[in-house]
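Please open the model in a viewer and keep the selection panel at hand. The tour below proceeds by selection.

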Amino acid sequence: MIIKSAFGPQVLEDLKTSFLQKKNCDVIIYVGEEPNVEVVYAHSFILRMRSSYFDSALSPTWAEMKDGKFIFKKPNISKLVLQKILLYLYCGEIDINPNDGTLALDYLIAADELNLDMSFIEYVQELLIKHIMEFFSSDPLEILRTILKYDHLFYKLKDHYLNYICDRAKYIFSSEKFLLLEEEMICTILDQENLNIEEIFIWDKMIEWGIARNPSLAEKEIAKWMEDDFIILQKSLKRLIPLVHYYDIFSKDYFDKISPYEKILPEELNNDIFQYHVIKGYIPKFTKYKQRNRNKNRVRYDIPLDLKEDLFFL
């Protein structure tokens, strides 16, 4: 008969102590890249028992041995992350702080690489989702970049995080780092139907982003641009232009901010947007550019009728 005792926690604590004090370790793991290589010590029987990855890596077929110890190298994992992973393998301890979002994601990426149970990875994602406010506050754009890069791994976290970003879109678009974002990241953000931000603000930041990639355009006023200047900007924004919801922009903003750059828009779309803003009750042809599903319903207002009439004769 097997009798369960209350000594289980003490056994786990002893295993943790054994790891932290490096007692009788027979595995030496070199982490990081030159010149910042560091060393982590562990016990092969624990690693092989708890991880199929280590079970293969520390087998006689693959392992490098020196002076009776296994030599292992993981240049793509930091010492801090590996120590946290090993603590989990030794005693089931999950040491993660949602306030340090990038480290938390590194933790999950390493866990996936080391073949930890998917249930563990899902558990940590649930933990981050539960504390998503703290998770978001650490470095939102870098966190998003990592989540999108490993979206096969963060499939559950990805949807929650994108929704959270959509609710706080102005924070993202106002960030100084926005102009440094990769095109793919911006496409992913703009593709969200629940993006809670004024569409004209999206347009402004898109134009700013495109000009930032072509410094020559910033050297002269828009009124002095030549045909080639508009072509340069249009090419830079080729993937972003279709993601703006043009019929969700107020008439005044259209004439003040979009009209000066209308040459970068497809001619048929530009003509249709113009008619939408000057003809009362006009039904747009391009339905995919209509309103997003925002938290607050906005009511379109038009420019004064007399101004509309003047515009027909410009």
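In what follows, a residue is buried when its relative accessible area is under 20%, exposed when it is over 50%, and partly exposed in between (1.4 Å probe, protein chains only). This is a predicted model, in which local features need pLDDT of at least 70 and side-chain atom pairs count only at pLDDT 80 or more, while totals for chains, interfaces and linings use all residues. Residues are numbered from 1 along each chain as its sequence is written, and side-chain values use heavy atoms, with hydrogens and water left out.

**Colour by confidence**

Begin with pLDDT, the predictor's confidence in each residue, from 0 to 100. The chain average is 85, and 90% of the residues score at least 70. Next select residues 296-314, where pLDDT stays under 50. For this segment the model has 28 contacts (heavy atoms within 4.5 Å) beyond four places in sequence. Where pLDDT is low, the predicted coordinates should not be read in detail.

**Select residues 25-98**

An unreviewed UniProt entry lists this span as "domain: BTB"; UniProt positions are given in the numbering used here, feature names are shortened, and annotations may be inferred rather than shown by experiment. The span is 35% helix and 26% strand, and its end C-alpha atoms lie 31 Å apart. Helices (H or I, at least four residues) and strands (E, at least two) are DSSP runs, numbered from the N terminus.

**Select the nonpolar core**

A nonpolar core is a set of buried Ala, Val, Leu, Ile, Met, Phe, Trp, Tyr and Cys residues joined through side-chain atoms within 4.5 Å. The largest one has 98 residues, and Leu 47, Leu 86, Trp 203 and Ile 264 have the most contacts inside it. Helix 4 (residues 79-91) supplies the largest share of this core, 9 residues. Centre on Trp 203: leaving aside residues up to four places away in sequence, Trp 203 touches Tyr 246, Lys 257, Ile 258, Tyr 261, Ile 264 and Leu 265.

**Select helix 11**

How many of the 8 residues of helix 11 (residues 183-190) are buried? The count is 6, so the helix is mostly covered. The buried residues are Met 185, Ile 186, Cys 187, Thr 188, Ile 189 and Leu 190. Their cover includes helix 8, helix 9 (155-167), helix 10 (169-174) and helix 12.

**Select the cysteine sulfurs**

With a disulfide taken as a pair of cysteine sulfur atoms within 2.5 Å, the count is 0. Cys 166 is in no disulfide, and the nearest cysteine sulfur, that of Cys 187, is 14 Å away. Cys 166 is buried at 1% relative accessibility, and Cys 187 is buried at 8%.

**Select the charged pairs**

Side chains of opposite charge can pair when their charged atoms come close. A salt bridge here is a side-chain nitrogen of Lys or Arg within 4 Å of a carboxyl oxygen of Asp or Glu, and the structure holds 15 of them.

- Glu 142 and Arg 145 form one at 2.7 Å, N to O. They are 3 residues apart in helix 8 (residues 140-149), about one helical turn. Glu 142 is partly exposed at 29%, as is Arg 145 at 25%.
- Lys 205 and Glu 208 form another, with the closest N and O atoms 3.2 Å apart. Both lie in helix 12 (residues 199-212). Lys 205 is buried at 10%, whereas Glu 208 is partly exposed at 36%.
- Asp 229 and Lys 220 form a salt bridge at 2.9 Å between the closest N and O atoms. Asp 229 is buried at 8%, whereas Lys 220 is partly exposed at 33%.

Finally, add Glu 182 to the selection of Glu 142 and Arg 145: salt bridges that share partners join these three residues into one network.
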